[in-house]
Amino acid sequence: LTSAKEAQAYALETAPVTELLMPISEDRSVLRQSIIPHLLDAATYNVARRNSNVGLYEISSVFLGVEEDGLPTEVAHFAAVITGKWVDHAWQGETKTVDFFVLKGIVEGMMDVLGFVEGLSFEQAVIEGMHPGRTANILLNEERIGLIGQVHPTEQKKRDLKNTCVLEINLEVILEI
């Protein structure tokens, strides 16, 4: 559950939102269409408590539109967020902060394990709330299955985060293949 304002933020595909008849609060009044906003909330919570290097993922459902029976379509998604330092070997003098290419490497490694590295590609994209030039669609056999990128600097500043990258993948497409 999420707010009407965040329901379609970062969504891979948008559809009419499903509103609850008797919501507990305005912040939990509709079903979500993306996992990313909740992962960003969790990363913000951790950074505010001095856990500056955060990597979280979630496999869960998003809810798109309303079917003929009045229920939304439930779609399984995988999403992740990373922020802070990726490598922090102070004794070796080596540090590397999180960036787009770190997360892209994670996606490529995951797809390699699944045997999908042949059909995997990335194309530059413009997505609201994401950094222009550091955002891409994830394509599998020329079909868009997800998004990857750095969160827009204004959104990072609003949440008091630094160099935060996110991804979301539609698992239903991968499972069908």
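D41 is partly exposed in this predicted model, with a relative accessible area of 34%. Its side chain meets that of R159 in a salt bridge, with an N to O distance of 2.7 Å. The two residues sit in distant parts of the chain: D41 belongs to helix α1 and R159 to helix α3 (residues 153-159), 118 residues apart. R159 counts as buried, at 12% relative accessibility. The cut-off for buried is under 20%, so the 12% of R159 falls on the buried side, whereas the 34% of D41 places that residue in the partly exposed class.

The D41 and R159 pair is part of a wider arrangement. E6, D41, E155, K158 and R159 are linked in a network of salt bridges. In general, side chains of opposite charge can pair when their charged atoms come close. For the model, the count of salt bridges comes to seven.

Another of these pairs joins R32 and E58. The closest N and O atoms of R32 and E58 are 3.0 Å apart. R32 lies in the segment before α1 and E58 in strand β1 (residues 54-64), so the salt bridge ties together parts that are 26 residues apart in sequence. The accessibility of the partners was computed as well. R32 is buried, at 10% relative accessibility. E58 is partly exposed, with a relative accessible area of 23%.

R32 also has polar contacts through its side chain. One is made with the side chain of H38, at 3.1 Å. A further polar contact, of 2.7 Å, joins the side chains of R32 and S60. Leaving aside residues up to four places away in sequence, R32 touches T2, A7, H38, E58, S60, S61, V62 and F63. R32 itself is placed in the segment that precedes α1 (36-48). Its relative accessible area of 10% is under the 20% limit, which means that R32 is classed as buried.

A salt bridge is also formed by K96 and D99. Their closest N and O atoms are 3.6 Å apart. K96 is partly exposed, with a relative accessible area of 35%. D99 likewise counts as partly exposed, at 24% relative accessibility.

The strand that carries E58 is part of an open sheet. Six strands form this sheet, in the order β1-β2-β8-β7-β6-β5, and their pairing is antiparallel. The edges are taken by β1 and β5 (120-124). Each of these has a single partner strand, so one side of each is left without a neighbour in the sheet. On average, neighbouring strands are turned by 20° against each other, direction ignored. In general, strands of a sheet pair through backbone hydrogen bonds, either parallel or antiparallel.

At the β1 edge, the partner is strand β2 (residues 73-83). β1 and β2 pair in the antiparallel sense over eleven bridges. Within this pairing, V62 stands opposite V75 in β2. Helix α1 packs on the sheet and touches β1, β2, β7 (143-151) and β8 (165-170). The direction of α1 makes about 150° with that of β1. V62 is also among the residues touched by R32.

Methods
Residues are numbered from 1 along each chain as its sequence is written. This is a predicted model: local features need pLDDT of at least 70, side-chain atom pairs count only at pLDDT 80 or more; totals for chains, interfaces and linings use all residues. Side-chain values use heavy atoms; hydrogens and water are left out. Helices (H or I, at least four residues) and strands (E, at least two) are DSSP runs, numbered from the N terminus. Buried means under 20% relative accessible area, exposed over 50%, partly exposed in between (1.4 Å probe, protein chains only). A polar contact is a pair of N or O atoms within 3.5 Å; within protein, one must be able to donate a hydrogen and the other to accept it, and residues adjacent in sequence count only if both atoms are side-chain atoms. Contact means heavy atoms within 4.5 Å. A salt bridge is a side-chain nitrogen of Lys or Arg within 4 Å of a carboxyl oxygen of Asp or Glu. Two strands pair if DSSP finds at least two bridges between them. Axes are lines fitted to C-alpha atoms, for helices over the stretch in contact, and angles run from 0 to 180 degrees between N-to-C directions.
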